[in-house]
Amino acid sequence: MTFVLDAYDPEFLRDPYPVFDRIREETPVFRGPGRAGERPIWFLTRHDDVRRALRDRRLGRIDQPTVDREAWGLPPLQDGLEPYYEVEHWALVWLEPPNHTKIRRLVSTAFTMRRLAGLRPRIAELADRLLDPIVERGRFDLVDDYAAPLSVQVIAELLGVPTEDWRRMLDWSSLITQMYEYNITGADTRAAVTASVEFAEYCRDLMARRRARPRDDMITALCFARTEDGTLTDTQIVSMIITLLNAGHEASVNTLANGMLALMQHPDQWGLLTGGEVDPATAAEELFRWDAPIQTFDRWVVADSYEVGGQRIEQYEQVTVLLGCANRDPRHFDSPNSFRIGRGDPTHVSFGGGIHHCLGAPLARLELEVALARLATRCPQLELVEQPVRPPRFVLRGFDSLRFALA
């Protein structure tokens, strides 16, 4: 079945879920146009199909710079994109075993539950520091004044990156991750390449400083790490630092922004949070489910074929799972279009699954819990200053700005 998903229509971006509800019932597995120059893509919409696809090893990721692009139906790489792909090449999200296993094992020590538990007081401290001037002036932009600086500073401290550089890192990250969208322009590509070059140079300078003066942080650990193949290359380390910084804030920032809009649209649910009837950790799961911060995840058929929903998909074809659509599947969730912060169901697919289940999921959950708790405690009387406009992004769903006033 073929279906044209107009993912960048402003009305769809404002609220994609009515369309998702329709296609999930009428065309649960459908084929739609791919990115420019690429063959059509198979899309999966239902929770069980998405969850299985995320775990099935007949589906995998492909290495864009080195794969036989003709066989995989991909256009030739654009000239000049080498700096971008050098940054992306060793990102966990693109790797498959054995490289994925080796790299994930190296960085997973930074995200253990024990280590993250020790971060809770520091996250609360950073949140209160950001909220102090907000409470004083009575108006603020949730994204620019609270969610983004909080999340970037947390991941920067964990890695060992100067937190005062958070704005530069956020700008670089936004330009690089824009490449994940389906509607990128030549200007987007050039900006991503420039950001990749500048971010990589910044990371190499940090690496040189850590090698001269080691510290107890993730960058130092990566610089001196030894694997069965020896030490990591500088290119691998740069790629991992940038990936962790980018991924370490995207989900948290977007989920808090999407979730706070939902809470303002459902004041009874905000009242449950501010009144202490639902704890922030439980509420966080519903925010991740309700309006997923990352809407898609791409995989390719690496075996002879893959069958889903009675549809046979051949080798070399792309399969994209619609995470936000799966999170509203009534076959899995009771009344999925009801926003209930007491639901507390962690079986949403917002963090992916299988070997590519988000490494930073525990940190994202902790950040959102603490950010919600401090906001509900210190700013219980909130109102939107203006209705926000969705930026033209589909894959990474969030807001550039969300303005509030303390009532």
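These legends describe close-up views of a predicted model.

**View 1. The largest nonpolar core holds 95 residues.** Leu142, Tyr146 and Met260 touch the most other members of this core. Helix H12, spanning residues 234–265, gives the most to the core, with 15 residues. Another core lies apart from this one and has 18 residues. Among them are Phe12, Tyr182, Cys325 and Phe394.

**View 2. Leucine 142 and its contacts beyond four places in sequence.** Leu256, Ala257 and Met260 are among the residues in contact with leucine 142. Its other partners are Ala147, Leu375, Leu402 and Phe404. Neighbours within four places in sequence are left aside here.

**View 3. Helix H12 crosses helix H16 (residues 361–378) at roughly 40°.** The two axes come within 10 Å. Angles from 35 to 65 degrees count as neither roughly parallel nor roughly perpendicular; H12 and H16 are therefore oblique to each other. The crossing of H12 past H16 is right-handed. On the H12 side, Gly248, Ser252, Thr255, Leu256, Met260 and Leu263 take part. They meet Ala364, Glu367, Leu368, Ala371, Leu372 and Leu375 in H16.

**View 4. An open sheet is formed by 5 strands.** The strand order is E1-E2-E10-E7-E3, and the pairing is mixed. Strand E1 (29–32) lies at one edge and strand E3 (59–60) at the other. Each edge strand pairs on one side only.

**View 5. Strand E3 meets strand E7 (residues 296–301).** The two strands run antiparallel and are joined by 2 bridges. Leucine 59 stands opposite valine 301 in E7.

Note on methods:
Residues numbered from 1 in each chain as written. Predicted model: local features only at pLDDT ≥ 70, side-chain atom pairs only at ≥ 80, totals over all residues. Heavy atoms only, no water. Core = buried A, V, L, I, M, F, W, Y, C linked by side-chain atoms within 4.5 Å. Buried < 20%, exposed > 50% of the residue type's maximum accessible area, 1.4 Å probe, protein only. Helix = DSSP H or I, 4+ residues; strand = E, 2+ residues; numbered from the N terminus. Contact = heavy atoms within 4.5 Å. Pairing = 2+ DSSP bridges. Axes fitted to C-alpha atoms, helices over the stretch in contact; angles between N-to-C directions. Parallel < 35°, antiparallel > 145°, perpendicular 65-115°, else oblique. Left-handed = near helix turned anticlockwise from the far one by under 90°.
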